[in-house]
Amino acid sequence: MSRILEGVGASAGRALGPVHWIDWDIPLVPHRTIRPEEVADEVERFAQARARALELVSHLQAETAHRIGQFEGKVFESQAMMIEDPDLIQGTLSYVRDNFVSAERAFDWQVLEMRIRMQESAHAMLVDRLADLHDVRVRVLSHLLGRGDPGDLVTDMDEPSILLGTELPPSIAARLDPARILGVVLSGGSRGAHGVILARALGIPVIVAVGRSLDSIADGDRLLIDGRTGEMRINPSPQAVEGFHRAIAQATHRREALQKVAGQPTKTKDGVQTVVQANLELPHEAEEAARLGADGVGLFRTEFLVIGRREIPGEEDQLREYRTVLEAFPGREVTLRTFDIGGDKFPLFLHLPPEDNPYLGWRGIRICLDMPELFGNQLRAAIRASADGNIRLLIPFVSTVEEIQRTRDMLTEAYAALGQEDSGARVPLGVMVETPAAVELLDLLAPYVDFVSLGTNDLTQYVLAADRGNGNLGKLYDPLHPALVRMYRRVVEESVRHELDLSVCGELAGDVLGVAALLGLGYRKFSVAVTGLPEIREVLRNVSAEGLSNLMRKLDRAESGDEIRRAVARYLTENGVLPDPVPIGLSGE
Ligand code: PEP
Ligand code: MG
């Protein structure tokens, strides 16, 4: 009898295969006491083990940069930082000197203390770093215990498999071969963990945060996973397996068919021209986005260039990354969203104590305006990159007019620093409408900006007072809630009134029902995750803008998101558009 488990989808894609548990751990560190005269030797052994671990980490960084990308290589910087962490070193040495225990025992205690502090903080960024700490622990202890490098754990399988574990340490992720590793499922982990970012960059489906129920899966079981929805089926029935193969064949067929029309414009059935751009998290995604026919980049989340870094990213570093994206989109819009750090993303260089309400705290433009060096580097890099392409700058988390005024001033200063004038030909500036204040103040923000991008992800959490990352809130976090749908309509009206270019970059635009509703409300420009490009373009080609506009008018007085969703789904089904609502990877039973 097959069973279904659920986690959080962290890297889209489906897979079917036998499971292989990874045990990247040092099960038992022996308790060994030392004599006072041995202290110096233990201190030296510890220094050597750290040096060796650092060497391996920098080797992995170089290998990853070469195999996957420069940015991906940088995920190892935080491990290097942990190995050199003064508290970790001093704490270990104190245990050796004061308690006369071996270097491995002392180091293990220190790591344990650090781990507890990180777990207690409940700070998303710190929780993301737990897998890095685990990696460092295993690496340093392996040297101290004379076990050699434990990095070949994922190559000793007989056949291509789905990896199971508690976390995915970056040093394992960096070595994954997509031909042999069909997918990864973790009881812990998070979307932002370094190992998960690497697996995503390699195109491997990943599910995280399954919890302890994952332990019920044993080596030898077979698993069917859907990395988009986070669902998995253990020992699927022959019908489910057949359904999976059929779905894969259909998806391949559909992808091929959609790729044939990749270069064609996305017009609705009634001839309304729409624009579908890509949301990028990493520069190297640009190439795939261009191949799938994206009309430029509507949102490049540049903060992924700073997370895990211990220094403010330099102008030259950024320029290189921005040019990578521009190269994939010659002449097309490339919208750089300035660093949206804070919330759940804290780079290490901020050295911030956790905030009680990080989503209502020091975030996005607030941090950038308070840190002129950080913001200045980014603005200058963007201006310089604009010589090579069509760059636009998008400002996140704006809630006051002053923030946009000050951003304009800083942009003028950045031009001056480069010996250029902030003329009419400057980089277009846009505001993310993702706080209720920005919706209300759009007419006052309009004189300072050239374009507007609707951020439905944050707007939903701020309007409904429902944390976007809190799984317990379930249906409460609903971007199609009538309160939001009414706001979306007002944003269209204000943008038209003030002649502002308007797009949507929140996840709602990448949802089949969402994009149809938005089209009906008057939106014409959408920016969606790279994997969603073909599907969203197909939906837009098969609906009528006028038909959906009439429908959304009728739904002006809808009382719930479900009512809106049901009505839009009915419209799509009647027009033969809605794909099978059952996640295809799991259908057939
Ligand atoms: C949004 O809030 O809708 C958005 C696109 O930004 P992010 O998801 O990066 O916060
Ligand atoms: Mg946002």
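This is a short tour of the structure, stop by stop, with a suggestion of what to select at each one. Keep in mind as you go that you are looking at a predicted model.

**Stop 1: the domains**

Start by colouring the chain by domain. Domain 1 is made of two stretches, 3-25 and 151-242. Domain 2 covers 36-146, and domain 3 runs over 273-580. If you place a marker at the C-alpha centre of domain 2 and another at that of domain 3, you will find them 38 Å apart.

**Stop 2: an open sheet of eight strands**

Now show the cartoon and look for the open sheet built from 8 strands, with mixed pairing. Following the sheet across, the strand order is 1-8-7-3-4-5-6-2. Which strands stand at the edges? Select 3-6 for strand 1 and 8-11 for strand 2: each has a single partner strand, so one side of each has no neighbour in the sheet. Turn the view to follow the twist, which averages 30° from one strand to the next.

Next, zoom in on strand 5 (residues 181-186) and strand 6 (residues 206-208). These two run parallel and are joined by 2 bridges. Pick Val185 and look across to strand 6, where Ile207 stands opposite.

Move on from strand 6 into the loop that leads to strand 7, and select Ala209. Its phi is near 55°, a positive value in a residue other than glycine. Is Ala209 buried, partly exposed or exposed? With a relative accessible area of 36%, Ala209 is partly exposed.

Before leaving the sheet, select residues 238-260. This is helix 10, which lies across strand 3 (14-21), strand 7 (222-226) and strand 8 (231-234). Relative to strand 3, helix 10 runs at about 125°.

**Stop 3: strand 10 and its partners**

Select residues 266-280 to bring up a hairpin. Strand 9 (residues 266-267) and strand 10 run antiparallel, joined by 2 bridges, and Thr266 stands opposite Thr274. Between the two strands are 5 residues, and Gly271 in the turn has a positive phi of about 80°.

Keep strand 10 (residues 273-280) selected and add strand 17 (residues 525-529). The two pair in the parallel sense over 5 bridges, and Ala278 has Val528 as its bridge partner in strand 17. Strand 11 also pairs with strand 10 in the parallel sense, here over 3 bridges; look for Leu280 with its bridge partner Phe300.

How many of the 8 residues of strand 10 are buried? The count is 6, so strand 10 is largely enclosed by the rest of the structure.

**Stop 4: Thr302**

From strand 11 (297-301), step into the loop that leads to helix 12 (315-328) and select Thr302. Thr302 is buried, with a relative accessible area of 0%. Show what surrounds it: leaving aside neighbours within four places in sequence, Thr302 is in contact with Tyr322, Leu336, Arg337, Thr338, Phe339 and Gln378. Look more closely at Arg337, whose backbone oxygen lies 2.6 Å from a polar atom of the Thr302 side chain.

**Stop 5: Asp340**

Select Asp340 next, in the loop between strand 12 (333-337) and helix 13 (365-370). Asp340 is buried as well, at a relative accessible area of 2%. Show side chains to see a polar contact of 2.8 Å between Asp340 and Arg363. Then measure from C-alpha to C-alpha between Asp340 and Ile365: the separation is 7.0 Å, although the two are 25 residues apart along the chain.

**Stop 6: the magnesium ion**

Finally, select ligand 2, the magnesium ion. Which residues coordinate the magnesium ion? They are Glu434, through OE, and Asp458, through OD, at 2.0 to 2.1 Å. This pair links distant parts of the chain, 24 residues apart. Glu434 sits in the loop between strand 14 (429-433) and helix 16 (436-440), while Asp458 is in helix 18 (residues 456-464). Glu434 is buried, with a relative accessible area of 2%, and Asp458 is buried at 3%.

For a last look, select Ala465 in the loop between helix 18 and helix 19 (482-497). Ala465 has a positive phi of about 50° although it is not a glycine, and at 71% relative accessibility it counts as exposed.

Conventions. Residues are numbered from 1 along each chain as its sequence is written. Chains are lettered from A and ligands numbered from 1 in the order in which they are written. This is a predicted model: local features need pLDDT of at least 70, side-chain atom pairs count only at pLDDT 80 or more; totals for chains, interfaces and linings use all residues. Side-chain values use heavy atoms; hydrogens and water are left out. Two strands pair if DSSP finds at least two bridges between them. Helices (H or I, at least four residues) and strands (E, at least two) are DSSP runs, numbered from the N terminus. Axes are lines fitted to C-alpha atoms, for helices over the stretch in contact, and angles run from 0 to 180 degrees between N-to-C directions. Contact means heavy atoms within 4.5 Å. Donors are N, O and S atoms within 2.8 Å of the metal (3.2 Å for Na, K and Ca); water is not among the atoms, so sites may look incomplete. Buried means under 20% relative accessible area, exposed over 50%, partly exposed in between (1.4 Å probe, protein chains only). Domain bounds come from an automatic or database domain assignment. A polar contact is a pair of N or O atoms within 3.5 Å; within protein, one must be able to donate a hydrogen and the other to accept it, and residues adjacent in sequence count only if both atoms are side-chain atoms.
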